[in-house]
Amino acid sequence: MKISKSLYQVRAYNIKHSYNVNDFLEAYRQLLQRAIEEIWTRIKWIEKHNCKGRRRSIPIIPKENSFKYHYLRSLLMKDWEYSKHYVDSAIKQAYSILKSWRRSYLKGERKREKPIVKKRFVRIKETLYSFKDGRIKVSIKPYKGYLEFDISKAWFLNRAKGEMGELILNEKYLTVTYRFNRNEEVKGKIAWDCNEKSLDGFSPEVGWIRADLTKLFHIHRVYEIKRKRLQQKASKKSSLRKILAKYSKRERNRSKDFIHKMTTFITRKFKSYVHGLEDLRKNKMLNNSKKHNRNISKIDWKTIVTFISYKSNVTLLNPKNSTKRCSKCGMINAPKGALYICKCGLRINRQLNAAINLYLQMEGLSPSPKLFNKLMKRWSGFTLTGEEADEGFDELERSLRLMNPKSYVSLFKTT
Ligand SMILES: [Zn+2]
């Protein structure tokens, strides 16, 4: 999943087509793979010592124009029977795949293994197709072969904003993208911490925002119970598989529907905010217990991030230590239960603490008591723990400033 940090937003629409483009797509996949292989064999590995004195091999990707635009281009062009511009696209794409592999390799997230292209699809840049009278024309073979897609009656034509951008062609669909400038002013930033039963956001302007996820949790529970019951009863294996598949589909649809409504609510309520969300690939939820994984799954989180990014601006954040770090003094503790308690005197709701840490990351700031007090300045009425202020408990002094989880987004009524 690639999410642009710029203020451009891209929206994509699918059109089902009936062309048989399998040969073309497979030829392109092979072309792309070959480009990757040619670059891969020319990667130079340089031995370097890191700060701890450990030896490491650093890959250097060849960038010389003589290689890129002459040698590689003419090599790939040799047996290529389709339009020439696909060769240039493949070279570009091969470089971007290898660059992203290199970034992950240097972070230790990927091995020293050549990337393999498995999916069959072709990206078609805006300069490589024509759009006239509601028809998109894409050239496939020089002078003769082209595909034409009539989108004059497509439902999205009057809805789509901005300029038509890149097309993506696969076996069944043509995806049309629109790129538009979100020139609305950015009002602020909200960072979100996701847990099995709630999505907790923090922004100094709004305070603590909580979206209730218990409904999502129950959807998964209900189908889990249904599946178990069925497996105990059923006698015929084949019919069981069918019903289980039907259940999974329903479960997926219901959770998607919930997430769609929730993210629409959040992005409408906090219009013109940039939303900071934990990066799925590094997400802590994946390392937690099995039980936890079942409740807010990787798929749910991916759907939440994707849906918010369709509807608003998103920045991906690194979840490392977001739950363990004290958002006031920066110390690392191991929180137990719903409260985060630190030696510096902070007593705070655990999810709120994580959301504040993520917010600090969004702003590129490090935690400090001074900063913490500044962030809390405008809030009153509730304590940091989410309980109502109890003066008898000395809470007022201890939490320094009070804050209000006033925007409690509850979605029970929507269905
Ligand atoms: Zn602390």
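This passage walks through the fold, confidence, cores and a few local features of a predicted model.

The protein contains 10 helices and 17 strands. Of its 415 residues, 24% are buried. Among contacts with a separation of 6 or more, 64% link residues 24 or more positions apart. Confidence is worth a look before the details. The mean pLDDT is 81, and 82% of the residues reach 70 or more. Helix α1 has the highest confidence, with a mean of 95, whereas helix α10 (residues 395-398) has the lowest, with a mean of 35. Two stretches also call for care in reading. Residues 1-6 have pLDDT below 50, and this stretch makes 6 contacts beyond near neighbours in sequence. Residues 284-295 likewise fall below 50, with 13 such contacts in the model.

Turning to the interior, nonpolar side chains tend to be buried together in soluble globular proteins. The largest nonpolar core here holds 39 residues, and those touching the most other members are I190, A191, W192, F202, A355, I356 and Y359. Helix α8 (residues 350-363) supplies the largest share of this core, 7 residues. For a view from one of its members, W192 can be followed outward: leaving out residues up to four places away in sequence, W192 touches L199, D200, G201, H275, G276, L277 and A355. A second core, separate from this one, has 25 residues, including V21, L72, Y86 and A90.

Helix α3 (residues 85-106) offers a handy check on geometry. With 22 residues at 1.5 Å each, α3 should span 32 Å, and the C-alpha atoms at its ends are indeed 32 Å apart, so expectation and model agree. Which residues of α3 are buried? They are Y86, V87, A90, I91, A94, L98 and W101. Viewed down the helix axis, these buried residues fall within an arc of 140 degrees, and therefore line one face of α3. Their packing partners are α1 (22-41), α2 (65-77) and β4 (122-124). The other side of α3 carries the exposed residues S96, K99, R103 and L106. After the helix comes G108, which has a positive phi near 85 degrees.

A hairpin built from β2 and β3 gives a contrasting picture. Strand β2 (residues 44-49) pairs with β3 in the antiparallel sense over 6 bridges. H49 stands opposite R55 of β3. Between the two strands lie 5 residues, and G53 in this turn has a positive phi of about 85 degrees. In a regular strand, side chains alternate between the two faces of the sheet. How many of the 6 residues in β3 (residues 55-60) are buried? The count is 0, and the strand is hardly covered.

Positive phi values also turn up at residues that are not glycine. D133 has a phi of about 50 degrees and sits in the loop between β5 (129-132) and β6 (135-139). D133 counts as exposed because there are just 6 C-beta neighbours inside 10 Å, where exposure is assigned at 12 or fewer. S272, again not a glycine, has a positive phi of about 65 degrees. This residue belongs to the loop between α5 (237-269) and β13 (273-278). With 13 other C-beta atoms within 10 Å, S272 is partly exposed.

Two further loop positions can be placed through their surroundings. K324 lies in the loop joining β14 (313-317) and β15 (339-341). Its 16 other C-beta atoms within 10 Å make K324 partly exposed. Apart from neighbours within four places in sequence, K324 contacts I332, N333, A334 and P335. Y340 is 16 residues from K324 in sequence, and their C-alpha atoms are 8.6 Å apart. G345 is located in the loop between β15 and β16 (347-349). G345 is partly exposed, with 14 other C-beta atoms within 10 Å. K328 is separated from G345 by 17 residues in sequence and by 9.2 Å in space, C-alpha to C-alpha.

Methods. Residues numbered from 1 in each chain as written. Predicted model: local features only at pLDDT ≥ 70, side-chain atom pairs only at ≥ 80, totals over all residues. Core = buried A, V, L, I, M, F, W, Y, C linked by C-beta atoms within 7 Å. Buried ≥ 20, exposed ≤ 12 C-beta atoms within 10 Å, placed from the backbone. Helix = DSSP H or I, 4+ residues; strand = E, 2+ residues; numbered from the N terminus. Contact = placed C-beta atoms within 7 Å. Expected span 1.5 Å × (residues − 1). Arc of directions from axis to C-beta. pLDDT = per-residue confidence, 0-100. Pairing = 2+ DSSP bridges.
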